[in-house]
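The following exercises are intended for a reader meeting this structure for the first time. Each task is followed by a solution that proceeds step by step.

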Amino acid sequence: MSARNVNVFYGEKQAIKNVSIDVDTDNVTAFIGPSGCGKSTFLRTMNRMNDTVASARVEGNITLDGEDIYSPAMDVVQLRARVGMVFQKPNPFPKSIYDNIAYGPRIHGLANSKADLDNIVESSLFRAGLWDEVKDRLKDSGTALSGGQQQRLCIGRAIAVEPEVILMDEPCSALDPIATAKIEELIHELRGRYAIVIVTHNMQQAARVSQRTAFFHLGDLVEYGVTTEIFTNPREDRTKDYITGRYG
Amino acid sequence: MPEQHTVKAFDDDINKLRGLIAEMGGRVETALEDAMTALVQQDFKKAKTVVINDERIDALEAEVGKLVIETIALRAPMANDLREVIAALKIVSVVERIGDYAKNIAKRVPKIGDHRTIEPLSLLPAMAQIAGEMVAESLNAFAARNAMLAEAVIERDQIVDSFYNSIFRTLVTYMMENPKTISECAHLLFIAKNIERIGDHATNVAEMVYYAATGNYLPERDRINDDDI
């Protein structure tokens, strides 16, 4: 996906100022920055989640495989299948594990038969690193799983509709260290197949999981670069202050 | 850029680290000065003190090593903080070696006996003076995180190397002309070599300071006196 000169306003307040950035499948991209810097706002522009906020206005150009995602011709429901999202608090549907995964493919018409659907459910759960843990209890409720498992279920749900991009908004904030490590390992496995963008408050996590890091501050994209460079030798003073804990 | 971390304890750790390195540097500079004074004045007691005091230098290296590991584990330093902490670890190891060279010089003092007539000896204090200054300046550069000061130290290594080559030739000539002094001169040769190595190590410290300050490595130096004796 490519963003060029993106500005986002909530009413009169400008939340994102002239941001341009590219994301691809080869590199997991982390968005870091202090609270209120606009990183989640920008993430939400990438699958038009800001459409649900009445006062939000997006200017500039965002494309997926060259297609303008804000064009009137773009089917927003399709877009959100191609650009999936995982949220901070795991939010599985109040359905069985099976139906959590099967719901998306069903409504998008991705399966021609029950056997197809079974395959999609199995491969999605497998790719989300959850299959072994739930294969014998697919009829159990998704909400009965642990926090970490629920989050992997949500990732599986996103994967089931064959996205190109997966957006993650602080996916591990509500999880314990072991569940977090499993999600980070999963991100590592998904890299290359999907373009992954992760918003995180945890700089060590950004350093661990990403190959590119973008530092946002007060709506500006201050610095964007190779993760190892950002964390060992950042160019901008604001970046250096933030990552070394001299911020504020 | 604000100097201080939001978490003050982090600043305390970094300051403690710098303090330990400054103490270690001071002790090593004193060790070299005292070793050379002991040599020139044939002061065996002073030489012994240098040897004994080396233990404290070794203990400081261990203390810094421990503090670096704790800082990395607890503070997860990034960027320039990380480079400084890693540089500190490498630098104390080098400074401890410099202390060992000073101790080695002191150990040779009783073995040299009456050498007041060996003229080439008079070159050694001047050489040691420069090497000692390089050590002091490289550690000042570290304390100030100043890349330019570090570069200035590196420039001076040529002088120490030239000094060494000159002393070597002078001592060899002297030995050929005064074979009875071969034993003493051999010790003096080793001492000269030790001082030359101290200059090299000070240069290594300066290179690490440069990296910690800038995040870049200096290009390989061209050595003018390339014939390593």
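**Exercise 1. Identify the residue of β2(A) that stands opposite A:Ala3, and place the pair in its sheet.**

Step 1. In this predicted model, A:Ala3 lies opposite A:Ile21 of β2(A).

Step 2. The two strands concerned are β1 (residues 2-10) of chain A and β2(A), which pair in the antiparallel sense through 6 bridges.

Step 3. The sheet that holds them is open and has 4 strands, in the order β2-β1-β4-β5 (chain A), with antiparallel pairing.

Step 4. The edges are taken by β2 (13-22) and β5 (67-68) of chain A; each has a single partner strand, so one side of each has no neighbour in the sheet.

**Exercise 2. Describe the 6-stranded sheet of chain A: which strands stand at its edges, and how are they ordered?**

Step 1. The order of this open sheet is β6-β7-β8-β3-β9-β10 (chain A), and its pairing is mixed.

Step 2. At the edges stand β6 (83-86) and β10 of chain A, each of which pairs on one side only.

Step 3. From one strand to the next, the twist averages 20°.

Step 4. A helix also belongs to the description: α6(A) packs on the sheet, where it touches β6 and β7 (165-169) of chain A. The direction of α6(A) makes about 170° with that of β6(A).

**Exercise 3. Trace the pairing of β9(A) with β10(A), and find the residue with a positive phi in their hairpin.**

Step 1. Strand β9 (residues 212-217) of chain A and strand β10 (residues 220-226) of chain A run antiparallel and are joined by 6 bridges.

Step 2. Two facing pairs can be located along these strands. A:Thr213 is opposite A:Gly225 in β10(A), and A:Ala214 has A:Tyr224 as its bridge partner.

Step 3. The hairpin has 2 residues between the strands, and A:Leu218 adopts a positive phi near 50° there.

**Exercise 4. Determine how α6(A) and α7(A) are oriented, and which residues meet between them.**

Step 1. Helix α6 (residues 147-160) of chain A packs against helix α7 (residues 177-190) of chain A at an angle of about 20°, and the axes are 9 Å apart.

Step 2. Angles under 35 degrees count as roughly parallel; α6(A) is therefore roughly parallel to α7(A).

Step 3. The crossing of the two helices is right-handed.

Step 4. From α6(A), the residues A:Gly147, A:Gly148, A:Gln151, A:Arg152 and A:Ile155 meet A:Ala179, A:Lys182, A:Ile183 and A:Leu186 from α7(A). By class, the residues of this contact are 4 nonpolar, 3 polar and 2 charged.

**Exercise 5. Classify two helix pairs of chain B by the angle between their axes.**

Step 1. For helix α1 (residues 8-41) of chain B and helix α4 (residues 123-144) of chain B, the axes cross at roughly 175° and come within 10 Å. Angles over 145 degrees count as roughly antiparallel, which means that α1(B) is roughly antiparallel to α4(B).

Step 2. Among the residues of α1(B) in this contact are B:Ile21, B:Gly25 and B:Met36, while those of α4(B) include B:Gly132, B:Leu139 and B:Phe142. The contact of α1(B) with α4(B) comprises 14 nonpolar, 2 polar and 3 charged residues.

Step 3. For α3(B) and helix α6 (residues 182-214) of chain B, the axes come within 9 Å and cross at roughly 170°. By that angle, α3(B) is roughly antiparallel to α6(B). Their contact holds 16 nonpolar, 5 polar and 8 charged residues.

**Exercise 6. State how many residues each chain gives to the contact between chains A and B, and which helix of chain B gives the most.**

Step 1. Chain B supplies 15 residues and chain A supplies 14 residues.

Step 2. On the side of chain B that touches chain A, helix α3 (residues 79-112) of chain B gives the most, with 5 residues.

Step 3. That side of chain B divides into 8 nonpolar, 5 polar and 2 charged residues.

**Exercise 7. Report the confidence scores of the model.**

Step 1. Chain A has an average pLDDT of 95, and 100% of its residues score at least 70. Among its elements, the lowest mean pLDDT belongs to α7(A) (92) and the highest to strand β3 (residues 29-32) of chain A (98).

Step 2. Chain B has an average pLDDT of 92, and 94% of its residues score at least 70.

Step 3. The model has an ipTM of 0.73 and a pTM of 0.83.

Terms used
Residues numbered from 1 in each chain as written. Chains lettered and ligands numbered in written order. Predicted model: local features only at pLDDT ≥ 70, side-chain atom pairs only at ≥ 80, totals over all residues. Axes fitted to C-alpha atoms, helices over the stretch in contact; angles between N-to-C directions. Parallel < 35°, antiparallel > 145°, perpendicular 65-115°, else oblique. Left-handed = near helix turned anticlockwise from the far one by under 90°. Contact = placed C-beta atoms within 7 Å. Nonpolar A, V, L, I, M, F, W, Y, C, P; charged D, E, K, R; others polar. Pairing = 2+ DSSP bridges. pLDDT = per-residue confidence, 0-100.
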